[in-house]
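Subject: Structure handover and notes

Dear colleague,

I am passing on the structure we spoke about, together with my notes on it. Please have the sequence and the coordinates open while you read.

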Amino acid sequence: MDKKLQLDTILAHAGIKTDEATGALTTPLHFSTTYQHPEFGKSIGYDYTRTKNPTRSSLEKTLAAIESADYALATSSGMSAIVLAFSVFPVGSRVIAVRDLYGGSFRWFHQVEQEGRFHFTYANTEEELLAALTEDIDVVYLETPTNPLMLEFDVAFIAEKAHAKGAKVIVDNTFYTPIYQRPLENGADLVLHSATKYLGGHNDVLAGALMTSDKELYENLFYNLNTTGAVLSPFDSYLLLRGLKTLSLRMERSTKNAQAVAAFLKDSPAVKEVLYPGKGGMISFKVKNEAVIPHLLNTLKVFTFAESLGGVESLITYPATQTHADIPAEVRKSYGLTDDLLRLSIGIEDSQDLITDLKFALEV
């Protein structure tokens, strides 16, 4: 995959012209778990599918190209990508992470800290993060925008400061995708995705992705992934390649819809606050009367009350009982993730239908 091509072209060409044997336009599905050696001492480059698979290799070339990376790895889920990312850092490493982050990430961070594997410091703001960035910090972990408060962090500025202290920078780019943000171009060392979300885009594949241009980092990640085995299956690799082809179009439409929905919510008398960074399809908002939330969730027809995000269908999530339930209530409330907050993943439907659906549900 030629990284010099424009992003829309890279996406549209995801996986094409990779099968020299037959000339198939799209990447074939290679289900075989093992591969024949031509003769003793020789290999065609594929031996066992946990280590390397032709369909997954085609996907990984595209994943690397869209994030301006030299290398990429496709994993079995977004969480397995996070676990793999941290596997290359020694026990006892010290991490600064954004305080507002996905509940599953917090759950694993808390677990490994309890086990004594890593030590975490959390920062509510960019200023807090930079103040905590000392010589003994090994990793800076960012979500930007954060989930679900939609706070943005300056990747380039933080990466410069982190590298000056000898720390590596990991960025979860699930919300913005390469359409709106390419962290490696801004100095990050490693970028990860829950590819289940926008990259796949159709709520039908569970996947994760890691991209880097650091050869040593990649080789360590590859070794650990091959050893532990949380690789993406050939069929899921195929589905993810297929989803990537329309990423740019889907992000453009969901952003346009989200801008219209955010404008409606800001004018709604039932809404106290709207959290939207101005691009992308993710919106959070706080209602004035928390007691209306059950009615609202039960009344919506176009929006689906479900976890996850980034698909073509619009979803509504109640983080307090779903995605962020593993974060203690007192911790959530301390940084603004209060029980009056709802999160929207805006899809590609007609924006007026989405607005009408919300308007009716908010009229209690």
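What follows goes through the sheets, the helix packing, the salt bridges and some backbone details. Please bear in mind throughout that this is a predicted model.

I begin with the sheet of seven strands, which is open, has mixed pairing and follows the order β1-β7-β6-β5-β4-β2-β3. Its edges are formed by β1, residues 71-75, and β3, residues 118-123, each of which pairs on one side only. Between neighbouring strands of this sheet the average turn is 20°, with direction ignored. Within the sheet, β4 (residues 139-143) and β5 (residues 168-172) are paired in the parallel sense over five bridges, and in that pairing Tyr-141 stands opposite Ile-170 of β5. Helix α8, made of residues 215-228, lies across β1, β6 (190-194) and β7 (208-212), and runs at about 25° to β1.

The other sheet to look at is an open one of five strands, again with mixed pairing, in the order β8-β9-β12-β11-β10. Because β8 (271-275) and β10 (304-305) stand at the edges with a single partner strand each, one side of each is left without a neighbour in the sheet. The partner of β10 is β11 (residues 315-317), the two pairing in the parallel sense over two bridges, and Thr-304 has Leu-315 in β11 as its bridge partner. Helix α10 (residues 247-267) packs on this sheet, where it touches β8, β9 (282-287) and β12 (341-345), and its direction makes about 10° with that of β9.

Turning to helix pairs, α3 (residues 78-86) and α4 (residues 103-114) pack with their axes 10 Å apart and at an angle of about 40°, which makes α3 oblique to α4. The crossing of α3 past α4 is right-handed. On the α3 side the contact is made by Met-79, Ile-82, Val-83 and Phe-86, and on the α4 side by Gly-104, Ser-105, Trp-108 and Phe-109; by class, this gives six nonpolar, two polar and no charged residues.

For α2 (residues 54-66) and α9 (residues 234-244), the axes come within 8 Å and cross at roughly 35°, and this crossing is left-handed. Among the residues that make the contact are Leu-59, Leu-63 and Ile-66 of α2 and Tyr-238, Leu-241 and Leu-244 of α9. Sorted by class, the contact of α2 with α9 has eight nonpolar, four polar and one charged residues.

As for charged pairs, a search of the whole structure finds 11 salt bridges. One of these joins Asp-136 to Arg-94, with the closest N and O atoms 3.3 Å apart. Since Asp-136 lies in the loop between α5 (126-132) and β4, while Arg-94 belongs to strand β2 (residues 93-98), the pair ties together parts that are 42 residues apart in sequence.

Some backbone details deserve a look as well, given that most residues other than glycine have a negative phi and most peptide bonds are trans. The peptide bond from Thr-144 to Pro-145 is cis, with omega near 0°, and the one from Asn-147 to Pro-148 is also cis, with omega near 15°. Pro-145 is placed in the loop between β4 and α6 (155-164), and Pro-148 is likewise in the loop between β4 and α6. Finally, Lys-17, in the loop between α1 (7-12) and α2, has a phi near 55°, a positive value in a residue other than glycine.

With best regards

Key:
Residues are numbered from 1 along each chain as its sequence is written. This is a predicted model: local features need pLDDT of at least 70, side-chain atom pairs count only at pLDDT 80 or more; totals for chains, interfaces and linings use all residues. Side-chain values use heavy atoms; hydrogens and water are left out. Two strands pair if DSSP finds at least two bridges between them. Helices (H or I, at least four residues) and strands (E, at least two) are DSSP runs, numbered from the N terminus. Axes are lines fitted to C-alpha atoms, for helices over the stretch in contact, and angles run from 0 to 180 degrees between N-to-C directions. Contact means heavy atoms within 4.5 Å. Angles under 35 degrees count as roughly parallel, over 145 as roughly antiparallel, 65 to 115 as roughly perpendicular and the rest as oblique. A crossing is left-handed if the near helix is turned anticlockwise from the far one by less than a right angle, and right-handed if clockwise. Ala, Val, Leu, Ile, Met, Phe, Trp, Tyr, Cys and Pro count as nonpolar, Asp, Glu, Lys and Arg as charged, and the others, Gly among them, as polar. A salt bridge is a side-chain nitrogen of Lys or Arg within 4 Å of a carboxyl oxygen of Asp or Glu.
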